[in-house]
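Student: I am new to this structure and would like a close look at a single part of it. Please take me through one sheet and what surrounds it.

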Amino acid sequence: MKRHYFYIAVLALLLICVIMLCAAGRSGPAPVPRGASVTGVVKFKGTAARPTRIDMSADPFCAQAHSSAATTEELLTDANGGLENVVVFVSDGLGTTAFTIPDEPAVMEQKGCQYKPHVLAMRAGQKLKVVNSDATTHNIHPMPNNNREWNVSQPQGVPVEQVFAREEVAISVKCNIHPWMRSYIAVVKNPYFAVTGKNGGFELKDLPPGSYTLQAWHEKLGSRTQKVTLAGEATQTVEFVFQ
Ligand SMILES: [Cu+2]
């Protein structure tokens with residue numbers, strides 16, 4: 001009979017644990033289904049040097065992978081001054097809110113001995129999958145200031161998976177084998193970030209109402225910040241200017 005009570009007590013304890021675990025899992029607020037949006041453009045005022053040719057002759061595979069010469073990507077603008085590869089993200093205003101981390105990995109590809117994309121933005125705690133699509137070996141080497149440093153030699157076909165635990169905009173990444181290879185990984189602790197496209201445009205969607213600091217980061221031009229106050233489902237337009 002005593003044993004009977006013991007089993008009931010153990011079962012009750014287990015049940016309480018399960019309920020507590022479920023409650024903890026739900027405590028992260030879901031992103032607002034239909035919140036406010038920020039759309040905008042990042043511009044470069046001035047004369048941008050033209051991209052220059054990359055000499056890949058040190059590795060015959062890399063050189064032969066391009067029918068026309070690969071060019072540098074460190075400062076890319078369009079005819080209207082739209083600045084590409086700028087990370088725009090909410091750097092302040094969300095408090096200590098913990099957001100659900102996506103199950104899908106962020107993907108960085110090495111193709112033609114260049115990184116695709118040149119600038120990747122992802123979440124802190126999200127899986128990073130590094131793919132080598134080249135028939136040559138790369139050695140991916142992120143050089144963080146606020147995360148654990150690692151570098152991995154990577155032959156073709158074997159993905160590398162890693163996680164950056166903390167926010168850092170942005171981590172410089174190099175290849176220990178091909179000195180021209182360079183990319184940046186922006187690690188953000190909230191889901192509100194974007195990387196500008198060819199026209200310098202970006203959009204942040206589904207933000208809860210509130211006052212925020214937006215930060216725009218570029219690998220050569222540094223950072224700019226701007227404050228916005230968002231209400232309801234309104235869309236606000238902002239412009240960042242680098243010179
Ligand atoms: Cu390489």
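In what order do the five strands of the open sheet stand, and is the pairing parallel, antiparallel or mixed?

Tutor: Some ground rules come before the sheet. This is a predicted model, in which local features need pLDDT of at least 70 and side-chain atom pairs count only at pLDDT 80 or more, while totals for chains, interfaces and linings use all residues. Residues are numbered from 1 along each chain as its sequence is written.

The open sheet has five strands in the order E5-E11-E10-E7-E8, with mixed pairing. Strands (E, at least two residues) are DSSP runs, numbered from the N terminus, and two strands pair if DSSP finds at least two bridges between them. Strand E5 (119–123) and strand E8 (152–154) are the edges; each has a single partner strand, so one side of each is left without a neighbour in the sheet. From one strand to the next, the twist averages 25°, taken between lines fitted to C-alpha atoms, with angles from 0 to 180 degrees between N-to-C directions.

Strand E11 has pairings with E5 and E10. E5 and E11 run parallel and are joined by five bridges; here arginine 123 has valine 188 in E11 as its bridge partner. E10 and E11 run antiparallel, also with five bridges, and glutamate 168 is partnered with valine 187 in E11. A hairpin of six residues connects E10 to E11. Further along the sheet, E7 (residues 138–143) and E10 (residues 168–175) pair in the antiparallel sense over four bridges, with histidine 141 opposite lysine 174 in E10.

Six of the seven residues of E11 are buried, so E11 is largely enclosed by the rest of the structure. Buried means that 20 or more other C-beta atoms lie within 10 Å of a residue's own; 12 or fewer means exposed, and anything in between partly exposed, with C-beta atoms placed from the backbone.

Alanine 186 is among the residues that touch the most other members of the largest nonpolar core, which has 47 residues. Such a core is a set of buried Ala, Val, Leu, Ile, Met, Phe, Trp, Tyr and Cys residues joined through C-beta atoms within 7 Å. Domain 1 (30–45 + 81–98 + 190–243) and domain 2 (100–188) both give residues to this core, so the core lies between them; the bounds come from an automatic or database domain assignment.

After E11 (182–188), proline 191 lies in the loop leading to strand E12 (193–195). Proline 191 counts as partly exposed because it has 18 C-beta neighbours inside 10 Å.
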